[in-house]
Number of protein chains: 2
Amino acid sequence: MAPTRGTDSGPVNQLRSNKPGNAVQIIGRSSSLYTRVPLVVAHELGVPYELAPVFDLTTADSAVYGNNPALKIPSLRRAGSVLFGAENVCRALEDLSESRRRIVWPEELRSDLSRNAQELVWHCMAAQVQLVFGTIIGKLDNIYFTKARAGFEGGLRWLDEHCKLALEALPAERDISLFEVTLLCLIEHLEFRGTLPVDPYPSLVAFARTYATRPAAQQTAYRFDPPPEPVATEAR
Amino acid sequence: MAPTRGTDSGPVNQLRSNKPGNAVQIIGRSSSLYTRVPLVVAHELGVPYELAPVFDLTTADSAVYGNNPALKIPSLRRAGSVLFGAENVCRALEDLSESRRRIVWPEELRSDLSRNAQELVWHCMAAQVQLVFGTIIGKLDNIYFTKARAGFEGGLRWLDEHCKLALEALPAERDISLFEVTLLCLIEHLEFRGTLPVDPYPSLVAFARTYATRPAAQQTAYRFDPPPEPVATEAR
């Protein structure tokens with residue numbers, strides 16, 4: 001495959017210039033809910049990266065997805081190895097990071113409340129992608145998506161009612177948590193793609209508004225990657 | 001909601017009779033890929049449970065799913081609390097267990113190979129449920145499912161090629177790993193539902209045949225739960 005490497009007109013990454021030549025590559029999209037999770041973590045941890053945008057999500061050619069056989073993004077490529085999946089990439093970024101910033105991982109959540117909250121964020125993330133791809137791109141309307149939407153809205157309602165307690169239950173000695181990062185990425189993606197109205201979920205919106213002021217959030221705001229410039233793209 | 005409690009004609013659970021009155025309740029289906037994961041873990045750890053079967057997966061009434069707002073199974077109910085999601089339930093079963101059996105959790109996988117293998121098992125599990133529900137129950141045929149199927153088969157091919165190394169990379173000092181349990185449940189579910197032929201994946205089938213000889217696997221073999229008997233079911 002021929003990833004679009006960072007250029008002056010390429011993906012914005014304020015970290016990239018800090019350590020040129022030392023950057024790992026994240027294969028994904030600036031408009032992707034799952035891609036943004038490791039992008040936020042990379043900025044929080046100060047890990048330099050290049051974004052290799054994937055432009056066509058309808059193709060079944062795994063080379064387009066960094067050889068991920070599941071045809072999904074994001075992946076992390078470095079040192080001749082490729083790692084698949086948002087949470088995996090986040091863990092590898094921590095491995096790579098020289099910072100001592102403290103991340104709270106899902107396995108540290110011990111109460112039913114906290115575990116349910118992370119489970120429902122993951123569920124709503126999957127439902128969001130399913131709705132965007134299935135009903136907007138695939139133009140489907142079916143019991144399959146009717147139930148998915150009901151479970152999606154149910155999950156959001158539960159999260160809206162419980163997010164305050166779930167946030168308070170996080171270990172105080174932390175810099176970030178995967179729960180907060182995934183919740184931010186979920187809520188802002190609802191607004192970015194217009195899948196569902198967010199007005200019914202004021203607590204979630206209030207959390208996202210506050211968390212979105214962090215530099216790592218601002219530097220990874222959702223946007224559609226500009227198409228590759230011919231001069232900067234190798235032939236495939 | 002009115003769960004169907006264990007009766008003489010109810011769900012088979014050889015552990016149940018060991019500690020009557022001390023059992024937790026797992027809300028799910030004996031035919032469900034995601035439900036079987038914690039059932040296997042419960043048997044491996046010797047945690048008594050009752051299975052509360054969910055008979056209608058098309059309803060959008062969360063009470064039917066043990067109040068899981070995402071309308072999914074499995075959930076774990078005990079002591080007035082409900083926990084959602086297969087991996088969460090497995091972790092809670094370990095918390096409840098008095099055994100010292102050693103489980104390897106996904107966060108202990110450190111290499112790209114091992115992390116990718118678990119990621120692709122999770123991906124294939126989701127794709128399997130998507131295909132069963134979307135194309136068998138929902139009767140859909142669309143780019144949405146065409147790509148899902150391609151990514152599903154790609155994931156299985158990758159797993160077939162890499163499972164030997166991924167299994168060898170697991171810590172030797174273990175009783176079980178979530179990787180092995182999820183892989184067993186995935187492969188046997190393909191055969192149970194006939195979604196995809198398994199012949200192209202001989203290494204995966206060989207693993208499943210061996211792992212299926214464990215008592216915990218045999219006691220949780222997929223089957224459709226018999227409909228509730230009127231006398232044993234409270235009115236809702």
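What follows is a friendly conversation about a predicted model and its two chains, A and B.

Modeller: Before we start, residues count from 1 along each chain as its sequence is written, and chains are lettered from A and ligands numbered from 1 in the order in which they are written. In this predicted model local features need pLDDT of at least 70, side-chain atom pairs count only at pLDDT 80 or more, and totals for chains, interfaces and linings use all residues, while side-chain values use heavy atoms and leave out hydrogens and water.

Colleague: Thanks! How many residues of chain A are in contact with chain B?

Modeller: Contact means heavy atoms within 4.5 Å. By that rule, 43 residues of chain B take part, and the number for chain A is 43.

Colleague: And what area is buried between chain A and chain B?

Modeller: The size of an interface is often given as the accessible area lost when the parts come together. Buried area is that loss (1.4 Å probe), summed over both parts. Carbon and sulfur atoms give 58% of the area here, and the total is about 3700 Å².

Colleague: How many salt bridges does the rule find across the interface of chain A and chain B?

Modeller: Side chains of opposite charge can pair when their charged atoms come close. The rule asks for a side-chain nitrogen of Lys or Arg within 4 Å of a carboxyl oxygen of Asp or Glu. Over all chains the search finds 28 salt bridges; across this interface the number is six.

Colleague: Which residue forms a salt bridge with A:Asp95?

Modeller: A:Asp95 lies in helix H2 of chain A and its partner in helix H3 (residues 112-137) of chain B, so the pair joins two chains; these helices are DSSP runs of H or I with at least four residues, and strands are runs of E with at least two, numbered from the N terminus. A:Asp95 is partly exposed at 38% relative accessibility, where buried means under 20%, exposed over 50% and partly exposed in between (1.4 Å probe, protein chains only). The partner is buried, with a relative accessible area of 2%. With the closest N and O atoms 3.1 Å apart, the partner is B:Arg115.

Colleague: Where does A:Glu87 find its salt bridge partner?

Modeller: The closest N and O atoms of this pair are 2.6 Å apart. A:Glu87 is partly exposed at 22% relative accessibility, whereas the partner counts as buried at 9%. The two are four residues apart in helix H2 of chain A, so about one helical turn separates A:Glu87 from A:Arg91.

Colleague: Which residue of S4(A) is the bridge partner of A:Leu76?

Modeller: Strand S3 (residues 75-78) and strand S4 (residues 81-84) of chain A run antiparallel and are joined by four bridges; strands pair if DSSP finds at least two bridges between them. In the two residues between these strands, A:Ala79 takes a positive phi near 50°. Within S4(A), the partner of A:Leu76 is A:Leu83.

Colleague: Is B:Leu71 buried or exposed?

Modeller: B:Leu71 lies in the loop between S2 and S3 of chain B. Phi there is near 65°, a positive value in a residue other than glycine. At 4% relative accessibility, B:Leu71 counts as buried.

Colleague: Last one: which residue does a cis peptide bond join to B:Ile73?

Modeller: The partner's place is in the loop between strand S2 (49-53) and strand S3 (75-78) of chain B. Omega is about 5°, and the residue joined to B:Ile73 is B:Pro74.

Conventions
Buried area is the accessible area (1.4 Å probe) that two parts lose on being put together, summed over both.
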